[in-house]
Amino acid sequence: MEGGRPRPTKVKNKNPAPVQITAEQILFEANARQEAPVAAPRQKIQDKEELDEYRQRKRKGFEDAIRKNRNHVGTWLKYAAWEESQFELQRARSIFERSLDVDSRNQTLWMKYAELEMRHKNVNMARNIFDRAVAILPRLDAFWYKYTLMEETLENVAGARQVFERWMQWEPPEEAWMAYVKLEKRYGEVERARQIFQRMISCHPQPKNWLKWSKFEEGLGKIDNAREIYEKCIETLGEEQVDQNVYISFAKFETRVKEIERARAIYKYAMSKLPKSRAENLHNVYTQFEKQHGGKDGIEDVIITKRRVKYEEELAANPKDYDTWFDFTRLEETAGDFGRIRDVYERAIAQIPLINEKRFWRRYIYLWLFYAVWEERVAKDYGRAKEVYSQALQLIPHKTFTFAKVWIMYAKFLIRRKAFDDFRKCLGTSIGLCPKPRLFKAYIELEIRLKEFDRGRKLYERWLEWAPANGPAWIEYAKLEQSLGDVDRARGIFEIAVGMEVLDMPEVVWKAYIDFEVAEEEWSNARALYERLLERTEHVKVWVSYANFELTNELNGDNADARTPIARAIFSRAYAALRRRASKEERVVLLEAWRDFESSVGDAASLKSVVDRMPRAVKKRRRVEGANGGSEAWEEYYDYLFPDEESERPNLKLFQLAHQWKEKLAAGLLDDDDEDDDDEDEEEEDREDGAGSKDKDSESKRKVAKGKEKAPVESDGESDGESDGESGSEEEQHVSGKRKREDDT
């Protein structure tokens, strides 16, 4: 032992016992082994003296307990119950009276006191107790219920009715009123019950009480009275207090009396008045109703109503959600109710964007357009449609931005209504207030369709005064004159256009001018235009178009054989011009077009001459300079090697020989020994050539290049900012030995 405490015993064997004891068994044994409590012996009273002594002892015990705690109600009740068991009613009454002096608002004391008198058939005493109880505690319904039950049990209906009337003066809950109604109903006093319902509704106007009244009338077979109660309920309470249960009960009542159309109207009215949050069950009940009593139209009406409620909730959360307004208006247009459609459109266009930026107005302005189109085409109310267009144009802030679509649609509407002066006034205001190319173009198109060509010319002139650099406007103006047969005027317009110093898309104007001359079969003018255009630009597309034009030019002869040499000469001029400009990509495009040309109209010799000029693509590397001027990385790019340039730079021919050597090496025509011997020969020949390259660099680069098979030929040399066609570079010289070795082989 350490410190006076025994050491805990260590359990050596922790295996489970062979016999397991359950918790149920332990509890059973504990209950079985309990000792029985000691019961007091039964006392037999032999004479009156012993009885008096027993009573005195018991009374003394009760009195002592009351003196200890006079507020303990249980002691008083036990005392009174014991005196009642001794048939001492007067003493029991005295005990109850004493207890009520202590706690006169205790419900249990009054109830037990009244039950004591009722058990002994002291009716008047019980009435007296109940009167005293309801006078002190009038809001405790238990006393009133017990009082009326006692009177009805005594078949004193008038007394029970009188008690109820006293009770109703305190405006008790609806359960008390319903108990009064049931009393009158049990004795066949229907008119009295109806009056009680009226008084109850005035005291408790909740919807459920109206429903109880209507069901009471329906149970009596008074259909008209029940319907009148429903209608009066909706009218009296208003939309705020009437819930979905009233409408559902009303509709089901109409369904029970075979008034299907009335029931359907009630459902529709309810769904239009109640929000979805308060009408969740209403939609389900209406759907079941339509499935049972309606057709296809009824079911569709149910779906429309559900969607209508959904849209209303979404718009209540976000009134500026124009997509929801579009869906809502389309839904109402499907339903076909003009009043609802106009109401939804008016509500939608009232949601004006808060920011005067066009991107916020794009969706909103279509609400006005859809509204106007619907009024014109569906409702056939042209006056209202015109008013919608006018209000939309007044609302748009034209000084900040405008919508050409609104002006144009309004103008077309006025034309359909044959209001030509108003139409011109509308578009004239638009191009004066906020000129846009689209407005000019639409105005001119409408005037041309109306055969007002002079007005169209004036509009074109005004358009070009406002935007002289607008190339498409010049083209459209010239096409108008061409369509009217005034070729000289159209040519003059084109001349003014191509003479403009600043012009949007000048290539389009030149192309239109040339196409105009070709359409008029003025071949010499078209050729002169091509020559003038080539003085300004030598773009490859211009050359190709010029050559194709000469192929179709009737001045060059009637057949293709006579026109082909002239077109070929244009291609040659173009190739020479592009070669002078050192534009390799454009030369490639030109050669491809030239090759297609020779394939279609040329012979084999001319085609071969063009194919021989086709370049080869070579992959190269160059150093990329960083922001501070130093080299940071290398990048690969493709370069084009033209045969005519290779002839001018002999060293570039080495790449061709190296490529041929690689192909033979891949085919197995050379062995490793030949390669070693050839390597030595290459070194000697490189030294003899004296190209200025270093032996170590050429040998290392030659070994890297050896065995690689790629097409087009890869060049591992570096440009270091040099031009693409630089000759004598190290990456070209290191394969010279290979080419010579191949020639020797």
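In this predicted model, Ser99 is part of helix α4, which covers residues 89–102. Because its relative accessible area is 1%, Ser99 is buried. Apart from residues up to four places away in sequence, Ser99 touches Trp76 and Leu109.

The loop between α3 (73–85) and α4 contains Phe87. Although Phe87 is not a glycine, its phi is positive, at about 60°. Phe87 counts as exposed because its relative accessibility is 70%, and the cut-off for that class is over 50%. Lys380 also has a positive phi of about 60° and is not a glycine. Lys380 is found in the loop between α19 (358–377) and α20 (382–395), and with 51% relative accessibility it counts as exposed.

Two further residues may be described individually. Lys185 lies in helix α9, residues 174–186, and counts as exposed at 52% relative accessibility. The C-alpha atom of Lys185 is separated by 9.9 Å from that of Phe216, a residue 31 residues away along the chain. Asn470 lies in the loop between α24 and α25 (471–483). With a relative accessibility of 13%, Asn470 counts as buried, since buried means under 20%. When neighbours within four places in sequence are left aside, the contacts of Asn470 are Pro437, Trp463, Leu464, Leu503 and Asp504.

The accessibility of these individual residues is set out below.

| Residue | Location | Relative accessibility | Class |
|---|---|---|---|
| Ser99 | helix α4 | 1% | buried |
| Phe87 | loop between α3 and α4 | 70% | exposed |
| Lys185 | helix α9 | 52% | exposed |
| Lys380 | loop between α19 and α20 | 51% | exposed |
| Asn470 | loop between α24 and α25 | 13% | buried |

Helix α22 can be considered as a whole. It comprises residues 420–433, 14 residues in total, and reaches 20 Å from its first C-alpha to its last, close to the 20 Å expected at 1.5 Å a residue. Its buried residues are Phe423, Arg424, Cys426, Leu427, Ser430 and Ile431. These residues lie on the same side of α22 because they cover an arc of only 160° around the axis. An α-helix has 3.6 residues a turn, so residues three or four places apart point the same way. The cover over the buried residues of α22 includes α21 (404–416), α23 (437–449) and α24 (453–466). On the face turned away from the buried side, α22 carries the exposed residues Asp421, Lys425 and Gly432.

The largest pocket holds about 320 Å³ of space. It is lined by 17 residues, of which Pro506, Glu507, Trp510, Leu533 and Val542 are the closest to its centre. The elements that contribute two or more residues to this lining are α26 (487–498), α27 (506–519), α28 (523–536) and α29 (540–552). Helix α27 gives the most, with five residues. Sorted by class, the lining of the largest pocket has 10 nonpolar, two polar and five charged residues.

For the chain overall, there are 38 helices and three strands. Of the 745 residues in the chain, 40% are buried. Among contacts between residues at least 6 apart in sequence, 51% join residues at least 24 apart.

Definitions and conventions: Residues numbered from 1 in each chain as written. Predicted model: local features only at pLDDT ≥ 70, side-chain atom pairs only at ≥ 80, totals over all residues. Heavy atoms only, no water. Helix = DSSP H or I, 4+ residues; strand = E, 2+ residues; numbered from the N terminus. Expected span 1.5 Å × (residues − 1). Buried < 20%, exposed > 50% of the residue type's maximum accessible area, 1.4 Å probe, protein only. Arc of directions from axis to C-beta. Contact = heavy atoms within 4.5 Å. 1 Å grid on protein atoms, 1.4 Å probe; cavity = no way out; pocket = protein on both sides within 12 Å on 5 of 7 lines; lining within 4 Å. Points joined across faces, edges and corners; volume = space filled by probe spheres on them. Nonpolar A, V, L, I, M, F, W, Y, C, P; charged D, E, K, R; others polar.
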